[in-house]
Amino acid sequence: MSQWNQVQQLEIKFLEQVDQFYDDNFPMEIRHLLAQWIENQDWEAASNNETMATILLQNLLIQLDEQLGRVSKEKNLLLIHNLKRIRKVLQGKFHGNPMHVAVVISNCLREERRILAAANMPVQGPLEKSLQSSSVSERQRNVEHKVAAIKNSVQMTEQDTKYLEDLQDEFDYRYKTIQTMDQSDKNSAMVNQEVLTLQEMLNSLDFKRKEALSKMTQIIHETDLLMNTMLIEELQDWKRRQQIACIGGPLHNGLDQLQNCFTLLAESLFQLRRQLEKLEEQSTKMTYEGDPIPMQRTHMLERVTFLIYNLFKNSFVVERQPCMPTHPQRPLVLKTLIQFTVKLRLLIKLPELNYQVKVKASIDNNRRFVLCGTNVKAMSIEESSNGSLSVEFRHLQPKEMKSSAGGKGNEGCHMVTEELHSITFETQICLYGLTIDLETSSLPVVMISNVSQLPNAWASIIWYNVSTNDSQNLVFFNNPPPATLSQLLEVMSWQFSSYVGRGLNSDQLNMLAEKLTVQSSYSDGHLTWAKFCKEHLPGKSFTFWTWLEAILDLIKKHILPLWIDGYVMGFVSKEKERLLLKDKMPGTFLLRFSESHLGGITFTWVDHSESGEVRFHSVEPYNKGRLSALPFADILRDYKVIMAENIPENPLKYLYPDIPKDKAFGKHYSSQPCEVSRPTERGDKGYVPSVFIPISTIRSDSTEPHSPSDLLPMSPSVYAVLRENLSPTTIETAMKSPYSAE
């Protein structure tokens with residue numbers, strides 16, 4: 001079943017979540033019409049490869065054209081109209097930045113997988129629950145409402161300032177008119193009345209000045225309060241969501257809403273600043289004893305300027321954290337001399353800043369590493385398809401410096417995967433007479449010199465971002481705190497949903513909890529960093545994380561379709577396995593990951609002895625070496641067992657609980673089973689065709705396969721002749737020969 005078909009079968013509360021992340025960037029109509037084609041493309045790789053992204057965008061438009069041709073024949077006017085509009089929007093929006101469409105589609109597919117995994121969970125995980133609380137949504141609405149109110153208030157004070165200007169101009173005109181009169185005229189009753197009018201105007205002017213300054217003071221106070229409480233909290237929440245998204249969690253949307261709030265506040269503060277400058281001009285032209293403008297304006301201007309500085313300093317953010325294009329699902333792990341990408345955004349989007357803000361990238365100040373490549377670029381609105389003011393560095397690569405003692409450098413030496421670094425970005429804003437220096441940093445990154453260090457480096461990234469909200473604690477691993485087991489298991493499920501397309505259910509998570517803590521209840525336990533990644537599992541030569549990472553690699557490279565379909569139970573102990581199988585029909589089997597072999601998968605089936613005794617048989621785990629020679633689905637189809645005097649047969653009949661084997665795996669077979677042919681029939685180019693046949697032997701005095709999962713290169717015709725001319729005992733004897741060993 002395709003991922004999209006699974007999504008459509010979700011409950012309404014999950015479908016509402018799906019609806020939230022489909023918009024004009026990637027309309028749901030396209031997701032629906034091109035579901036299978038979309039899922040067959042590698043959008044994650046394309047999101048960091050411009051050539052690949054360009055090809056995929058062109059192919060997407062071609063697919064749309066084909067759909068247009070189909071619906072045109074059906075005369076579906078509404079769908080024709082929508083598809084034409086969507087095609088025009090996609091081509092216009094992504095033509096200059098094809099990688100962005102890959103990012104958008106990749107994120108949508110990933111979010112679908114996360115929601116599907118969440119739907120299989122008995123309850124929502126603690127991390128995800130905290131990120132989606134109703135109080136957070138309420139605060140978002142309050143922030144937007146207050147920003148709009150401040151913008152409206154500034155518009156009102158703009159009118160007040162204009163009214164003051166008009167009132168002062170009228171007063172000035174009348175006052176000068178009296179001044180130009182003859183002395184005799186100045187004693188007339190009319191002039192006396194005009195003087196009284198001028199006094200009333202002056203009183204009104206004084207009142208209006210005080211009123212305008214009072215309103216402005218209130219706006220400054222409300223803006224200060226909003227910025228230092230709700231808006232900064234909202235920004236910190238977004239940064240926390242970004243941390244969680246980096247390790248496979250829910251997408252961190254909401255940056256566009258923050259940009260709108262930051263931009264409106266900046267526009268309001270600059271407008272307020274101009275209003276104060278106009279009041280100063282008015283006061284310069286006409287002042288009087290008790291004039292409030294000279295007494296209040298300087299302090300108010302200082303407060304407004306301070307708020308502008310503070311707003312800009314918080315608006316400079318890392319929109320997309322450092323990531324190597326070769327490992328899009330492992331951000332924040334950087335390999336020396338390998339390019340990585342990172343994207344910055346200024347949340348204050350003002351046209352005056354377009355191409356005027358140059359950003360410089362550097363690495364932290366320990367002088368061990370330097371950044372090679374183009375490390376200075378200008379921010380532009382055209383850099384992003386959504387019109388934000390941003391800059392993306394695509395060709396940076398870290399290089400390890402030579403040792404201070406001279407001689408050979410440290411490049412290629414063993415690096416400590418618990419050593420954290422950060423990429424720092426600096427810029428300067430010059431706007432309306434203000435000069436503002438800005439600086440921001442990435443989340444901590446781990447440097448590696450060899451891809452073999454990637455698993456442990458990724459474990460460090462996971463532990464850091466699960467355990468702390470602090471975005472810059474580079475000495476975190478000097479004394480790493482424990483993590484709650486419930487949070488950690490939630491993140492483990494995210495690793496599977498984001499990396500191999502299907503998360504873990506409660507039974508699978510329980511097995512992992514037992515493996516980590518020797519207890520089945522994991523709701524309130526804690527786990528140390530050493531237990532997770534440094535100490536060997538009991539009786540094993542590897543750590544828990546090494547074991548889990550090897551399973552992820554096995555799934556990704558060898559059994560991905562089977563895993564996505566949900567046919568691999570995977571995480572189940574031997575004891576639980578036997579409990580599940582003991583009451584099932586003979587030939588019922590299940591697939592589980594080996595607990596003793598790294599990156600191994602095995603299958604166990606149940607049968608009955610002649611006396612009715614229940615027996616269980618498990619084959620030696622298949623590792624990536626064997627699975628590279630023969631697809632796992634084909635192994636399940638062709639697997640044979642030679643037992644006692646019996647003819648070799650496939651004991652695997654039903655996938656647990658009762659799914660016929662061919663119904664479960666048929667679509668994943670690489671070819672139809674080869675029909676047995678006589679040796680006289682010639683194969684391709686004169687050769688007798690041959691196949692790999694997985695065969696195990698089981699001794700009469702044992703319930704376990706003697707030589708599990710041996711792959712014997714034997715032509716079907718030769719095997720048929722052996723069966724016709726040799727007894728099963730003879731074949732078994734030959735299997736036991738030392739010459740038949742691998």
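Leucine 590 has threonine 604 of β15 as its bridge partner. This pair belongs to the contact between strand β14 (residues 588-593) and strand β15 (residues 601-608), which run antiparallel and are joined by 5 bridges. Helix α18 (residues 544-564) packs on the sheet here and touches β14 and β15. The direction of α18 makes about 150 degrees with that of β14. A further helix, α19 (residues 574-581), lies across β14, β15 and β16. Its course runs at about 160 degrees to β14. These details, like those below, are taken from a predicted model.

The sheet that holds β14 and β15 is open and has 5 strands. Their order is β16-β15-β14-β18-β19, and the pairing is mixed. The edges are formed by β16 (614-618) and β19 (659-660), each of which pairs on one side only.

At the level of the chain, the secondary structure comes to 24 helices and 21 strands. The chain has 742 residues, and 50% of them count as buried. Long-range contacts are frequent in the count: of those between residues at least 6 apart in sequence, 69% join residues at least 24 apart. The accessible surface comes to about 35,500 Å². Carbon and sulfur atoms account for 51% of that surface.

Confidence was examined next. The mean pLDDT of the chain is 82, and 83% of the residues reach 70 or more. Two of the stretches with low values are given here. Over residues 404-413 pLDDT stays under 50, and the model has 17 contacts beyond four places in sequence for this stretch. Over residues 736-742 pLDDT also stays under 50, with 6 contacts beyond four places in sequence.

A second open sheet is built from 3 strands in the order β2-β11-β8, with mixed pairing. β2 (333-335) and β8 (420-421) stand at the edges with a single partner strand each, so one side of each is left without a neighbour in the sheet. β2 and β11 (residues 445-448) run parallel and are joined by 3 bridges. Two residue pairs illustrate this contact. Leucine 334 has methionine 447 of β11 as its bridge partner. Lysine 335 stands opposite isoleucine 448 in β11. On the other side, β8 and β11 pair in the antiparallel sense over 2 bridges. There, histidine 421 has valine 445 of β11 as its bridge partner.

The side chains of β11 point in two directions. Val445 and Met447 point one way, and Val446 and Ile448 point the other way. All of these residues are buried. Helix α14 (residues 454-467) lies across β2, β8 and β11. The helix runs at about 170 degrees to β11.

Strand β4 (residues 358-363) shows another pattern of burial. In a regular strand the side chains alternate between the two faces of the sheet. Along β4, Val359, Ala361 and Ile363 point to one face and are buried. Lys358, Lys360 and Ser362 point to the other face and are not buried. β4 pairs with strand β6 (residues 376-378) in the antiparallel sense over 3 bridges. Within this pairing, valine 359 has lysine 377 of β6 as its bridge partner. β4 also pairs with strand β9 (residues 423-431), again in the antiparallel sense, over 4 bridges. Here isoleucine 363 stands opposite isoleucine 423 in β9. Val359 and Ile363, both buried, thus take part in the pairing with β6 and with β9, respectively.

Two helical regions complete the description. Glutamine 58 is found in helix α6 (residues 50-74). This residue is partly exposed, with a relative accessible area of 39%. Glutamine 58 and glutamine 91 are 33 residues apart in sequence, and their C-alpha atoms are 9.0 Å apart in space. The other region comes from a record. An unreviewed UniProt entry annotates residues 262-289 as a "coiled-coil region". In the model, the chain over residues 262-289 is 86% helix and 0% strand. The end C-alpha atoms of this stretch are 39 Å apart.

Conventions:
Residues are numbered from 1 along each chain as its sequence is written. This is a predicted model: local features need pLDDT of at least 70, side-chain atom pairs count only at pLDDT 80 or more; totals for chains, interfaces and linings use all residues. Side-chain values use heavy atoms; hydrogens and water are left out. UniProt positions are given in the numbering used here, feature names are shortened, and annotations may be inferred rather than shown by experiment. Buried means under 20% relative accessible area, exposed over 50%, partly exposed in between (1.4 Å probe, protein chains only). Contact means heavy atoms within 4.5 Å. Accessible areas come from the Shrake-Rupley method with a 1.4 Å probe; for residues, only the protein chains shown count as cover. pLDDT is the predictor's confidence in each residue, from 0 to 100. Two strands pair if DSSP finds at least two bridges between them. Axes are lines fitted to C-alpha atoms, for helices over the stretch in contact, and angles run from 0 to 180 degrees between N-to-C directions.
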